[in-house]
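Hi,

Here is the structure I promised to pass on. Have a look at it first, and then read on for what turned up.

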Amino acid sequence: MSAQLRKKIQKKFKIRGYSLKIDALDEVLSFLSRFPDAEDEAVDLLLDNLDHESLKSSIIDKEPLHKVVSLLLEAEGVVAEECPSSVSSHSALRIIDVFFVPKFRFDPIKKHFYEHTGRLPIHGEASAKAGLYRDRFLLLYQRVSRDMHFIKPAFDTEVSNFGGCELSTIQSLVGQSGRRWVMGVISQLEDGHFYLEDPTAAVEVDLSKAKITAGFFTENTIIVAEGEMLLEGIFQVITCGFPPLEDRDKSLRALSGLDFFGGGMLTREETLRLADLERKAENDMFVILSDIWLDDEEAVRKVETVLDGFESVEVVPSLFVFMGNFCSRPCNLSFHSFSSLRLQFGKLGEIIAAHPRLKEHSRFLFIPGPDDAGPSTVLPRCALPRYLTVELLKHVPNAIFSSNPCRIKFYTQEIVFFRQDLLYRMRRSCLIPPSTEETNDPFEHLVATITHQSHLCPLPLFIQPIIWNYDHCLHLYPTPHTIVLGDRSEQRAFKYTGITCFNPGSFSSDSTFVAYRPCTQEVEFSAL
């Protein structure tokens, strides 16, 4: 075990008033080796149970720890024996419709999140649009305020300021000289003139000489910029980039147990048990296909070929994810073939039902695409209309039709699915050519943008409308373990700061799809 882990354990025990002998520390390390992905929770659980023991001294040896560890492992074994299948059916795989995800807002005065408890109408008032931008800004601002480079110094000394970049409000720039760091939203308040806005004010910016980091800098993105005010009242940006990312565990500690993902909160015992089961779920696999045109006979034949292949494997996939579009033509006002599309869904149901092992042991999830049938093209999109899916459900009763985006909790892992032709639209909307210093790959720029923005679609609202009251459904905070970006561009995968991101490709166009193993976060590119 690493020295860093030993120090962390000793620090946690010291906070509770305990000191560990060498043999006791080895006992703790042996216990933690069973939970490599949930070490903090395991230590806390151990301490909670140790508090109930009658200890002779605050200096702990191996004996009391061994007793507590034995009791915990025994309890875990009893639970596993009593309900081995209930964990698999109820906790292993939870599919979450984003319209049911709770909404949290940050209070900048009290500096904590609180849950919104009022109504969330689809057609919001004008204040909801302003609230959308304010909530996005405050979400990133509270994250940046914890970053070591932007923490406000406790004392105004040269030592405390060394290496620091204290953020100034835009309002405070008036009458100031010298370089300042600011954070704000890029907006176009006048044609051809771009501004940087925060809750206090707005200032016109000049980005022509700015040195930028990786990512797509579009209108509506939030940036951190260094620059100085010119005599003309314009803020000349020297360097700018997206707000720095925060480690997922650090974000979770700051949230005090709030359920941002919508999968329900787990106790420490449940987290440890699920983490252990997750490590053993090596055979679980998700098969992900995007762009399945049911009105294209060749595409339907290719789907059948894929299902034939997985029907014959030793362990069938636990989940098939079919992402739209489900028709080669946009299902807009000029589309008059809904009855035919309904029958085509029924035909797909027949094909699935013809594979008895898949029908019995696999689950099938359907996520609508940007051109599929629905009330409008705004995000988030609700599930496919029941009129279209009723024929398929006759053949596959356990098929699940969810929203776009859609969230899945696999044991302790959080996975987000999003079907949108985002790469092309983000590149079209760039205000500055992307930097080539770190990467030339557009997909890597896209991943950097959405992760740093903590938002799946940071495009201007006039390019991609969003339901104002449900913008939180597109948030990526805390950062999930995996993001699946269904896009018509070529297959790509990129692991960025521990987050696995990939595009399964367009199945109907180039016959590509992905087999994903969540246990190891392994992405297997496949094609016919």
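How many residues lie between strand 17 and strand 18 in their hairpin? There are two, and Tyr411 in that turn has a positive phi of about 55°. Bear in mind that this is a predicted model.

The two arms of the hairpin pair in the antiparallel sense, with five bridges between strand 17 (residues 406–410) and strand 18. One spot to look up is Lys409, which sits opposite Glu414 of strand 18.

Strand 18 has a partner besides strand 17: strand 19 (residues 482–486) runs parallel to strand 18, and five bridges join them. Here Phe417 has Val484 of strand 19 as its bridge partner.

Now for how covered strand 18 is. It takes in residues 413–419, and seven of its seven residues are buried. In a regular strand, side chains alternate between the two faces of the sheet. On one side of strand 18 you'll find Gln413, Ile415, Phe417 and Arg419, on the other Glu414, Val416 and Phe418, and all of these are buried.

Stepping back to the whole chain, there are 16 helices and 23 strands. Of its 528 residues, 50% count as buried. The radius of gyration is 26 Å, which agrees with the value near 24 Å for a compact globule with 528 residues. The C-alpha trace spans about 75 × 70 × 45 Å along its principal axes. As for contacts between residues at least 6 apart in sequence, 70% join residues at least 24 apart. Finally, the chain has 56 positive and 72 negative charges, and their mean positions are 2 Å apart.

Cheers

Terms used:
Residues numbered from 1 in each chain as written. Predicted model: local features only at pLDDT ≥ 70, side-chain atom pairs only at ≥ 80, totals over all residues. Heavy atoms only, no water. Buried < 20%, exposed > 50% of the residue type's maximum accessible area, 1.4 Å probe, protein only. Helix = DSSP H or I, 4+ residues; strand = E, 2+ residues; numbered from the N terminus. Pairing = 2+ DSSP bridges. Rg over C-alpha atoms; globule rule 2.2 N^0.38 Å. Contact = heavy atoms within 4.5 Å. Lys, Arg positive; Asp, Glu negative; His and termini not counted. Charge placed at Lys NZ, Arg CZ, Asp CG, Glu CD.
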